[in-house]
Amino acid sequence: MIFLYVILSGYILGSIPSAVWIGKLFHGIDIREHGSKNAGATNTFRVIGNGSGIIVLILDVLKGYIAASVPLYLSHLYIGFKDDELILQLIASFCAIIGHVFPVLANFKGGKGVATALGVFAAVSLSVAGGLALTWLVVALVFRYSSLAALASAASAPLWTWWLLAAPVYTGLAMLLALMLILRHRANIGRL
């Protein structure tokens, strides 16, 4: 039962379509019909502006962070061995990204999952999240492409995780999330 709860809570949290809701509520538009047609923070910055972009970025990071943190607060409901907590955290994290990419609350048309993945990594390790943010910032400043910065961060996630955590299971999660994010950026790779 606890596994089902973690899967559903992770997916539902990830499914909160902040870019879509902010666009409709404050600007009367569906962000998925403008710009890159992506329901994420970058497209929100581009189409709607910095204020709404910052709100969407914070909300997308928060939903990943909260989803990955839920199992830590549920330890009293199961045996509570570290492995159980770890497995549940990995499941919740993965489900949050799936929810962001394929949100049930927005007809399964979501974003690419970059900010939500950052939130997941922040829940796992602030130092890894800092490394990913640093990678994104450096690439974005040097090359001036947000999508390239996102791809570089995704590709570096397993390296940061392996170096800072030395935990194979988290490195495995990083590899899985990196692959998912890279696949979601296929169109951007073609344009780059």
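# A guided tour from Asp30 outward

Begin by selecting Asp30, which is placed in the loop between helix 2 and helix 3. The model on display is a predicted one. Asp30 counts as buried because its relative accessible area is 13%, under the cut-off of 20%. Beyond the residues up to four places away in sequence, Asp30 touches Val20 and Lys24.

Add Arg32 to the selection. Asp30 and Arg32 form a salt bridge, in which the closest N and O atoms are 2.9 Å apart. Both partners, Asp30 and Arg32, are buried. The count of salt bridges in the model comes to 2.

For another salt bridge, move to helix 4, which spans residues 50–73. Select Asp60 and Lys63, whose closest N and O atoms are 3.4 Å apart in their salt bridge. Asp60 and Lys63 lie 3 residues apart in helix 4, so about one helical turn separates them. In an α-helix there are 3.6 residues a turn, so residues three or four places apart point the same way. Asp60 is buried, and Lys63 is buried as well.

Keep Asp60 in view and select Gly40. Leaving out residues up to four places away in sequence, Gly40 touches Asp60, Val56 and Ala19. Gly40 is found in the loop between helix 2 and helix 3, the latter covering 41–47. Is Gly40 buried or exposed? Gly40 counts as buried, because its relative accessibility is 5%. Next, add Gly113 and check the C-alpha to C-alpha distance: Gly40 and Gly113 are 7.7 Å apart in space, with their positions 73 residues apart in sequence.

Helix 2 itself comes next; select residues 18–27. Within helix 2, the buried residues include Ser18, Ala19, Val20, Ile22 and Gly23. What covers the buried residues of helix 2? The cover includes helix 3 and helix 4. Following helix 2 is Gly28, which has a positive phi, near 65 degrees.

Still in helix 2, pick out Trp21. Trp21 is described as partly exposed because its relative accessible area is 43%, a value between the limits of 20% and 50%. Now show the molecular surface around this side chain. Trp21 takes part in a nonpolar surface patch of about 620 Å². The patch is made by Trp21 together with Ile12, Ile16, Phe102, Val104, Leu105 and Phe108.

Return to helix 4 and select Leu72. With a relative accessible area of 34%, Leu72 is partly exposed. Leaving aside neighbours within four places in sequence, Leu72 is in contact with Glu85 and Gln89. Add Leu88 as well: Leu72 and Leu88 are 16 residues apart in sequence, and their C-alpha atoms are 8.6 Å apart in space.

The last stop is a pair of helices. Select helix 6, residues 114–124, and helix 7, residues 126–143. At what angle do helix 6 and helix 7 pack? The angle is about 145 degrees, and the two axes are 5 Å apart. On the helix 6 side, the contact is made by Leu118, Phe121, Ala122 and Val124, and on the helix 7 side by Leu126, Val128, Ala129 and Leu132. Colouring these residues by type shows 8 nonpolar residues, with no polar and no charged ones, in the contact of helix 6 with helix 7.

Terms used: Residues are numbered from 1 along each chain as its sequence is written. This is a predicted model: local features need pLDDT of at least 70, side-chain atom pairs count only at pLDDT 80 or more; totals for chains, interfaces and linings use all residues. Side-chain values use heavy atoms; hydrogens and water are left out. Axes are lines fitted to C-alpha atoms, for helices over the stretch in contact, and angles run from 0 to 180 degrees between N-to-C directions. Helices (H or I, at least four residues) and strands (E, at least two) are DSSP runs, numbered from the N terminus. Contact means heavy atoms within 4.5 Å. Ala, Val, Leu, Ile, Met, Phe, Trp, Tyr, Cys and Pro count as nonpolar, Asp, Glu, Lys and Arg as charged, and the others, Gly among them, as polar. Patches are made of residues with over 30% relative accessible area and no salt bridge: like charges are joined within 9 Å, nonpolar side chains (Val, Leu, Ile, Met, Phe, Trp, Tyr) within 5 Å. Accessible areas come from the Shrake-Rupley method with a 1.4 Å probe; for residues, only the protein chains shown count as cover. A salt bridge is a side-chain nitrogen of Lys or Arg within 4 Å of a carboxyl oxygen of Asp or Glu. Buried means under 20% relative accessible area, exposed over 50%, partly exposed in between (1.4 Å probe, protein chains only).
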